[in-house]
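Here's a quick briefing to read with the structure open beside you. Have a look at the fold first, then work through the notes.

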Amino acid sequence: MNTEKLFEILSDMHQTMEQEKDFLTELDNAIADGDHGINMAKGLAAVQEKIEGLKGQRIGAVLKSVGMTLVSAVGGSAGPLYGTAFMKAGMLMSDKQTMDINDFLACMDAAVEGVMARGRSTEGEKTMLDAMIPALNAMKKANSENLPPKAVLEAGVAAAKCGVEYTKTIAATKGRASYIGERSIGHQDPGATSFTYLLDVVANAI
């Protein structure tokens with residue numbers, strides 16, 4: 001992946017969030033503030049506005065800019081969490097012009113660590129990590145088996161989808177959803193869902 005491909009993926013992410021914002025907001029309305037889809041669409045729209053000025057930059061600089069934009073443009077917890085994920089990935093890729101599957105998995109590792117630290121959370125607490133961590137583990141396994149990059153990414157998407165289903169079975173212990181405790185059981189986590197959409201965009205673009 002070069003920066004031109006990254007710009008294409010970011011555009012597709014924006015389109016996907018626009019398409020899914022009502023559903024994500026509906027999910028969020030059931031257990032939290034009801035603004036996740038709206039905020040994600042708004043944040044990625046802001047990213048789109050910056051792309052022209054990022055042309056010619058290295059991949060790391062683009063990812064860091066995306067992260068900073070999401071922090072400033074996305075409300076609620078999603079902005080700081082997604083922003084941290086992109087900024088950590090950007091720091092890792094600071095001197096690179098292209099990204100291969102091993103770079104992507106390293107970026108995912110950094111993103112997961114960043115989200116865990118920023119959100120003070122881990123797997124099993126009904127957050128985006130319940131999709132991120134299984135996806136990362138599945139992709140590492142697929143990559144170790146020398147599967148092609150697209151198959152690696154598809155394995156991650158499948159695991160993320162399973163993670164989203166898992167969030168329906170547990171009570172939230174972090175974020176606004178934790179305020180309703182056991183009543184959050186039966187509802188899927190909006191952050192885990194939006195992450196799965198974004199990873200699916202990457203898989204489809206490769």
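What follows is a tour of some helix pairs, two helices and a handful of single residues.

Keep in mind that this is a predicted model. Two helix pairs get most of the attention: α1 with α3, which run roughly parallel, and α7 with α8, which are roughly antiparallel. After that come α3 and α4 as individual helices, then a few loop residues, two of them with a positive phi.

**α1 against α3**

- Helix α1 takes in residues 3–31, and its axis comes within 10 Å of that of α3 (residues 59–73), crossing at roughly 25°.
- An angle under 35 degrees counts as roughly parallel, so α1 and α3 fall in that class.
- The crossing of α1 and α3 has a right-handed sense.
- On the α1 side the contact uses T3, L6, F7 and L10, and these meet I59, V62, L63 and V66 on the α3 side.
- Sorted by class, that contact comes out at seven nonpolar residues, one polar and no charged ones.
- Residues three or four places apart on an α-helix point the same way, because there are 3.6 residues a turn.

**T16, further along α1**

- T16 also belongs to helix α1.
- With a relative accessible area of 15%, T16 is under the 20% cut-off and so counts as buried.
- Setting aside neighbours within four places in sequence, T16 touches Y197 and V201. Both of those contact partners fall within the range of α8 (residues 190–205).

**α7 against α8**

- The axes of α7 and α8 lie 9 Å apart, and the two helices pack at an angle of about 165°.
- That angle makes the pair roughly antiparallel, since the class covers angles over 145 degrees.
- Here α7 passes α8 in a left-handed crossing.
- From α7, the contact draws on K150, L153, E154, G156, V157, A160, K161, V164 and T167.
- From α8, the partners are A192, T193, F195, T196, L199, D200, V202, A203 and N204.
- The residues of this contact split into nine nonpolar, five polar and four charged.

**α3 and α4 as individual helices**

- How far apart should the ends of α3 be, at 1.5 Å a residue? Its 15 residues should span 21 Å, and the end C-alpha atoms are indeed 21 Å apart, so the two values agree.
- Buried residues in α3 are I59, G60, V62, L63, S65, V66, G67, T69, L70 and A73.
- The cover over those buried α3 residues includes α1, α2 (36–54) and α4 (78–92).
- Helix α4 passes the length check too: 15 residues should give 21 Å, and its end C-alpha atoms are 21 Å apart.
- In α4 the buried set is A78, G79, L81, Y82, G83, T84, A85, F86, A89 and G90.
- Those α4 residues pack against α1, α2, α3, α5 (101–119) and α8.

**G76, between α3 and α4**

- G76 sits in the loop that links α3 and α4.
- Its relative accessible area is 54%, so G76 counts as exposed.
- G76 and D35 are 41 residues apart in sequence, yet their C-alpha atoms are 8.1 Å apart in space.

**The loop between α6 and α7**

- Both N146 and L147 are found in the loop between α6 (129–144) and α7 (149–167).
- N146 is exposed, at 69% relative accessibility.
- L147 is partly exposed, with a relative accessible area of 36%.
- Leaving out neighbours within four places in sequence, L147 contacts A142 and V152.
- L147 and L54 are 93 residues apart in sequence, and their C-alpha atoms are 32 Å apart.

**Positive phi values**

- Most residues other than glycine have a negative phi.
- K126, in the loop between α5 and α6, has a positive phi near 60°.
- N146 has a positive phi near 60° as well.
- Is K126 buried or exposed? At 1% relative accessibility, K126 counts as buried, whereas N146 counts as exposed.

Notes. Residues are numbered from 1 along each chain as its sequence is written. This is a predicted model: local features need pLDDT of at least 70, side-chain atom pairs count only at pLDDT 80 or more; totals for chains, interfaces and linings use all residues. Side-chain values use heavy atoms; hydrogens and water are left out. Helices (H or I, at least four residues) and strands (E, at least two) are DSSP runs, numbered from the N terminus. Buried means under 20% relative accessible area, exposed over 50%, partly exposed in between (1.4 Å probe, protein chains only). Contact means heavy atoms within 4.5 Å. Axes are lines fitted to C-alpha atoms, for helices over the stretch in contact, and angles run from 0 to 180 degrees between N-to-C directions. Angles under 35 degrees count as roughly parallel, over 145 as roughly antiparallel, 65 to 115 as roughly perpendicular and the rest as oblique. A crossing is left-handed if the near helix is turned anticlockwise from the far one by less than a right angle, and right-handed if clockwise. Ala, Val, Leu, Ile, Met, Phe, Trp, Tyr, Cys and Pro count as nonpolar, Asp, Glu, Lys and Arg as charged, and the others, Gly among them, as polar. The expected span of a helix is 1.5 Å times one less than its number of residues.
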